[in-house]
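Open the model in your viewer and keep the sequence panel in sight. This tour goes stop by stop, with something to select at each one.

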Amino acid sequence: MTTPPAVTNAFSGRGSGHLDRLRGASPGLVLAWLVIALVVLWAAAPALFTEYSATVGVPAEKLRPPSPDHLLGTDALGRDLFARIVHGSVHSLSGALVAVAIGLVAGTMLGLVAGSIGGLVDDTLMRIVDVLLAVPALLLSLSIIILTGFGTINAAVAVGAASVAGFARLVRADVIRVRRSEYVEAAFGSGGTYAAVLWRHVLPNSLTSAFAFAALQFGSAILSISTLGFLGYGAPPPTPEWGLLIAEGRNYISSAWWLTAAPGLVVVAVVLSANRISRAVGRSTP
Amino acid sequence: MSGTSSFATRRSLLVAGLYALSLASLAMAAPALAQPVTGGTLIYLEQQAHTNLYPTAGGFYPNSGILNQITDKLTYQNPQTLEIEPWIATSWTVNDTLTEYTFKIRPGVTFSDGTPLDARAVARNFDTYGRGDKSRKFPVSEVINNYDHSEIIDDLTVKFVFKRPSPGFLQGTAVIGSGLVSPATLDRSFDELGDATKIIGSGPFVVERETLGKELKLKARTDYNWGPARLAHQGRAYLDGITFIVTPEDSVRIGALLSGQADVIRQIQAYDEPQVEAQSFLIYAPSTRGVNNALVFRPDNPLVADARVRKALLHATNTQEIVDTLFSRHYPKATSVIASSAVGYEDQSARLAYDPQRSKKLLAEAGWQPGHDGILARDGVKLELSIYESLPQPQSKAMLQLVAQQWAQIGVRLNVLNADSGSIAVDLLDPLKTPVAHTMVGRADPDVIKSNFHPANRDVLRQKGGLSDKIKSFVDEALNGRLEAIAAETDPEKRLALTREVQAYIIDQAYQIPIFEEPQAFAAAPHVKGLAFDAVARPSFYSTWLDK
């Protein structure tokens, strides 16, 4: 009975700005942030959420239905499914981060060069980007992963490489707009070197849409990495990667549906949350 | 005591009652049971698409499921007694040294393209299987050893001559890899025979059409009249046709069967058995009677070159736990290199015991010390092995993960890998990449051990001079010599003794960790009658009929 007043006090103590923003935010957005926060916590400190090992099970306790002992039941080798999902979050999240980072950095560089230099360089780069955009992202990722070999990082690189073209096209458009603006001309006029102007004025002002796209890409990267994991191109077993969990559980769909439904729902929740957040980012930036 | 006996009486009464009831129902169903119905198309769901259908490649389950329906063999191996009985050959004679086999061929047999199946055709078949054909890329059959040439005595008599005694040859004429095909098929090159319509056999069914990788339709030959002499059923097959549909997803096959969209499915996993049996569908799990489902080592890899390391891993593998966790009563725990129903079997279970303490001792003797991460290391090299999931083996991925978990307890890491089939095929030839592999092979003859281990055949240990050119030094002449002796020994008793000896040798060297006796698990709807399997668990639909 003592806690509710304390909460009210805490809010009023922080001032009305936070409260307003919290009220203004839709419940969906709050929920999305909560989901992402939870998953990040899983990745950072899995031991807080489960005491079971993700890779070593008790074979005698195989295929148990969900119970207080095993929140989401156990798989065919007696491993706790909840523990596997929690421990798996670090693979999915780090993979998605690597993928987005690769797409963002490489795509931005390409877009910056193409948009600022223009002419033949622009044409060449953009035609390459056209070709990349014409190939379905999953197909491109698969081709890359066949060449580089299977594994979590390789899958992340493959997904990231497939998103370079999207980033490049987006950044190029912004760079062209910013490049022609008066303050950039003024910066050149006042004697700034080409590289310095690009770095100090063009790049920072061209990145807003790229960041919103990155948030969106984060969700789809998780989905793509799970897809690769599901198809068996990602982390090797017994790594509890989410896509692999779904793939391993699907054989038991008629007798133990939760083995594939639970990791599937987690992936859906995280991807939807990332999408929701990216929409909010896109809207709040001018 | 009285309690027990009254219980026993009650139970026997119950049994008697049930028996009477079943007799009554049998009596009612008797007309249907007694008279097989001709007609209908059977839907057969296959887990994997077939590969090349050149008959000697028939060992692959999906291939044999098709080849067994469209080709006949010279002889028939009775799946119950394992005796060799007449089929296309009505009789045969063998000389004392087992170097000459003469077969009398049944008159009036034709291939489905109309060519007669005579001495000339049989000779052409075995010349190709026994010697291979480099120009057409045909490999040598693994079931025919020491083959020299054929002689056509008359239109229906053919003699095969061998360089050295070939005691396994008679059984070799009965196996799936020795299906007889029309000379027209052998005129093509190996690369063309991935197309099932190009395989012209004399079997009870012919290939009607095929959508590669998806579906294959067989139709019955109405003029077929040369089934194995021993079978009660003669004449054409009861079924009008069979539709093979490739359905890789386990749950889809089970669902289709239980909902009545399929009649027979191949490869039902142990965890699906209860729900199938609960609906009174039938599970057939005939034994493949060959080399057990096992992990084999490639000793050319320095990590597993030491027999003590291999032995340690053998004793660290808890096969009972694997069978209990992942499999069912249809998958007996392995007790030797070959299955207990195989010819020449000898129980080796005393030397296959689960004993992790002994493993630790053996590894310590071999110089492996625990590193800071718990994994054993020697001279800075970690004892970390890799293995590929083996798609044809049931639940290979889950099983290998369990083995990895068991080996982790003695400080050995096993990575379970997966890749595209092209990379797997290349990596499996390189012991440095795959020091361990998951295999099995079925054949009801002592030669099966040679098929599996000899460098000229499947070469599972990857010896120098075998299938792989990446081998630096590993050769085991003692093993090869023993295997060749089995293939050439003319006295059946001595042959079995040699077979027992080689099993002991393989376990002594710990070349192999036998896991379980692999059955081929099929499930069929209750209305499918007369489903038969050959001696190595390949389905035969010749006498099958649909009671619906």
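**Salt bridges first**

Across all chains, the count comes to 32 salt bridges. Remember that you are looking at a predicted model. Side chains of opposite charge can pair when their charged atoms come close.

Select A:Glu248 and A:Arg84. The two form a salt bridge, with the closest N and O atoms 3.5 Å apart. This pair links distant parts of the chain, 164 residues apart. A:Glu248 sits in helix α11 (residues 242-249) of chain A, and A:Arg84 in helix α4 (residues 81-117) of chain A.

**Chain A as a whole**

Now show chain A alone as a cartoon. What secondary structure does chain A have? There are twelve helices and zero strands. Read along the sequence, the pattern of chain A is therefore α repeated, with helices defined as DSSP runs. Its C-alpha trace spans about 75 × 60 × 25 Å along the principal axes.

Next, select A:Pro237 and A:Pro238. A cis peptide bond joins the two, with omega about 5°. A:Pro238 is in the loop between α10 (208-230) and α11 of chain A.

**Where the chains meet**

Bring chain B back. Select the residues of each chain that contact the other: 20 in chain B and 21 in chain A. Together the two chains bury about 1800 Å², and 52% of that is on carbon and sulfur atoms. In chain B, pick out B:Tyr271, B:Gln401 and B:Gln405. These lose the most area to chain A, together 32% of what the chain B side buries.

How many salt bridges are there between chain B and chain A? The count is one. To see a salt bridge between the chains, select A:Arg250 and B:Glu249, whose closest N and O atoms are 2.4 Å apart. Six residue pairs are in polar contact between chain B and chain A, counting pairs with both residues at pLDDT 80 or more.

Colour the helices of chain B that take part. α6 (250-258), α9 (319-326) and α11 (396-408) of chain B each supply at least two residues of the side that touches chain A. The largest share of that side, five residues, comes from α11(B). By class, the side of chain B that touches chain A has six nonpolar, seven polar and seven charged residues.

**A sheet in chain B**

Move to the four-stranded open sheet of chain B. Its strand order is β4-β5-β7-β6, with antiparallel pairing. Which strands are at the edges? β4 (89-94) and β6 (147-154) of chain B are, each pairing on one side only. On average, neighbouring strands of this sheet are turned by 20° against each other, direction ignored.

Zoom in on β5 (residues 100-105) and β7 (residues 157-162) of chain B. Five bridges join these antiparallel strands. Start from B:Thr102: its bridge partner in β7(B) is B:Lys159.

Then add helix α3 (residues 119-131) of chain B. This helix packs on the sheet and touches β5, β6 and β7 of chain B. The direction of α3(B) makes about 180° with that of β6(B).

**Last stop: a backbone angle**

Most residues other than glycine have a negative phi, and most peptide bonds are trans. Select B:Asp379, where phi is near 50°, a positive value in a residue other than glycine. B:Asp379 lies in the loop between β15 (376-378) and β16 (381-382) of chain B.

Key
Residues numbered from 1 in each chain as written. Chains lettered and ligands numbered in written order. Predicted model: local features only at pLDDT ≥ 70, side-chain atom pairs only at ≥ 80, totals over all residues. Heavy atoms only, no water. Contact = heavy atoms within 4.5 Å. Buried area = accessible area lost by both parts, 1.4 Å probe. Salt bridge = Lys/Arg side-chain N within 4 Å of Asp/Glu carboxyl O. Polar contact = N/O pair within 3.5 Å; in protein donor to acceptor, adjacent residues only side chain to side chain. Nonpolar A, V, L, I, M, F, W, Y, C, P; charged D, E, K, R; others polar. Pairing = 2+ DSSP bridges. Axes fitted to C-alpha atoms, helices over the stretch in contact; angles between N-to-C directions.
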